[in-house]
Amino acid sequence: MQTTSIKLDGRLSACAELVRRCKTVADIGTDHGLLPCFLWQNGWSDIIASDINQNPLNSARETIERYGAGGVKPVLSNGFENLPPRDDIIIAGMGGETILEILSGCKYKDENTRFILQPMTRHEELRRGLYALGFEIIEEVFAVSGKKFYTVIYARFTGNKCEIDEIFAFFGKQKNPVYIKSQSEKIKKLAKGDRRYSALAAKIWTLSGI
């Protein structure tokens with residue numbers, strides 16, 4: 001058992017900072033289990049580390065044992081299938097479409113549950129899907145890890161299903177200029193091969209000067 005403190009990269013640190021104190025937590029798709037063990041080291045006591053596959057869950061078990069994180073329980077689960085209700089739910093390190101698929105099977109949705117989502121790809125698809133499923137984005141945090149940058153989304157379930165406009169789909173509540181520039185360049189590239197994005201690209205260039 002190690003007694004050293006776990007150090008998270010910028011991506012996982014941003015996720016951890018959105019987790020509320022004194023709340024029950026589930027990390028879905030935990031992989032190596034570092035984030036749940038970090039939370040345990042920093043005062044959380046009721047944490048589930050879950051994964052759909054046995055191999056990553058075994059890796060999480062090894063991390064739990066290495067750090068003596070007795071408050072972290074490993075659970076084999078396909079999304080929410082084997083999970084009890086949790087206050088704060090983390091789904092990080094997956095594509096936006098995979099996160100949506102997991103959320104569509106969530107059985108424990110109410111306005112008091114906090115969903116902390118970190119998409120690796122397809123941010124716009126995730127935002128569209130969240131609102132289509134009845135979620136609302138409350139906050140987005142910009143994170144940097146190495147030479148890569150990420151958005152971390154804090155959302156809650158309201159039950160109010162709606163469509164969002166394309167500008168919000170691509171930018172959400174992010175204010176960071178690096179993120180905004182990157183998404184603007186993405187739209188510019190999409191517009192070259194798909195006329196559906198041409199009007200959006202023109203609107204964004206007018207608003208931002210990019």
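Buried here means under 20% relative accessible area, and that cut-off is what sorts the residues in the views below. Everything shown comes from a predicted model.

**View 1. Asp46 and Arg86 shake hands in a salt bridge.**
With just 10% relative accessible area, Arg86 falls on the buried side of the cut-off. Its partner Asp46 comes out at 34%, so that residue is partly exposed. The two side chains meet in a salt bridge, 3.0 Å from N to O. Asp46 sits in the loop between helix H2 (34-41) and strand S2 (47-51), while Arg86 sits in the loop between strand S3 (72-76) and strand S4 (88-95), so this pair ties together parts 40 residues apart in sequence. Stepping back for a moment, the count of salt bridges comes to eight.

**View 2. Arg156 joins Glu111 and Glu136 in a network of salt bridges.**
Here the closest N and O atoms of Arg156 and Glu111 are 3.4 Å apart. Arg156 belongs to strand S7 (residues 148-157) and Glu111 to the loop between helix H4 (96-104) and strand S5 (114-121), so the bridge ties together parts that are 45 residues apart in sequence. Arg156 has 22% relative accessibility, so it counts as partly exposed.

**View 3. Glu140 and Arg127 pair up, and both are buried.**
Their side chains meet in a salt bridge at 2.9 Å, N to O. Glu140 comes from strand S6 (residues 135-145) and Arg127 from helix H5 (residues 123-132), so the pair ties together parts 13 residues apart in sequence. As a general reminder, side chains of opposite charge can pair when their charged atoms come close.

**View 4. Strand S4 has S1 and S5 as parallel partners.**
Seven of the eight residues of S4 are buried, so the rest of the structure largely encloses this strand. Four bridges join S4 to strand S1 (residues 25-28), and the two run parallel. S4 and S5 also run parallel, joined by seven bridges. Ile90 is a handy residue to look for in this view: Asp27 has Ile90 as its bridge partner in S4, and Ile90 stands opposite Ile116 in S5.

**View 5. S4, H4 and S5 build a β-α-β unit.**
Follow the chain from strand S4 through helix H4 and on into strand S5: the unit they make is right-handed. The strands of this unit are the parallel pair with seven bridges between them.

Technical notes:
Residues numbered from 1 in each chain as written. Predicted model: local features only at pLDDT ≥ 70, side-chain atom pairs only at ≥ 80, totals over all residues. Heavy atoms only, no water. Salt bridge = Lys/Arg side-chain N within 4 Å of Asp/Glu carboxyl O. Buried < 20%, exposed > 50% of the residue type's maximum accessible area, 1.4 Å probe, protein only. Pairing = 2+ DSSP bridges. Right-handed = clockwise from strand over helix to strand, strands pointing away.
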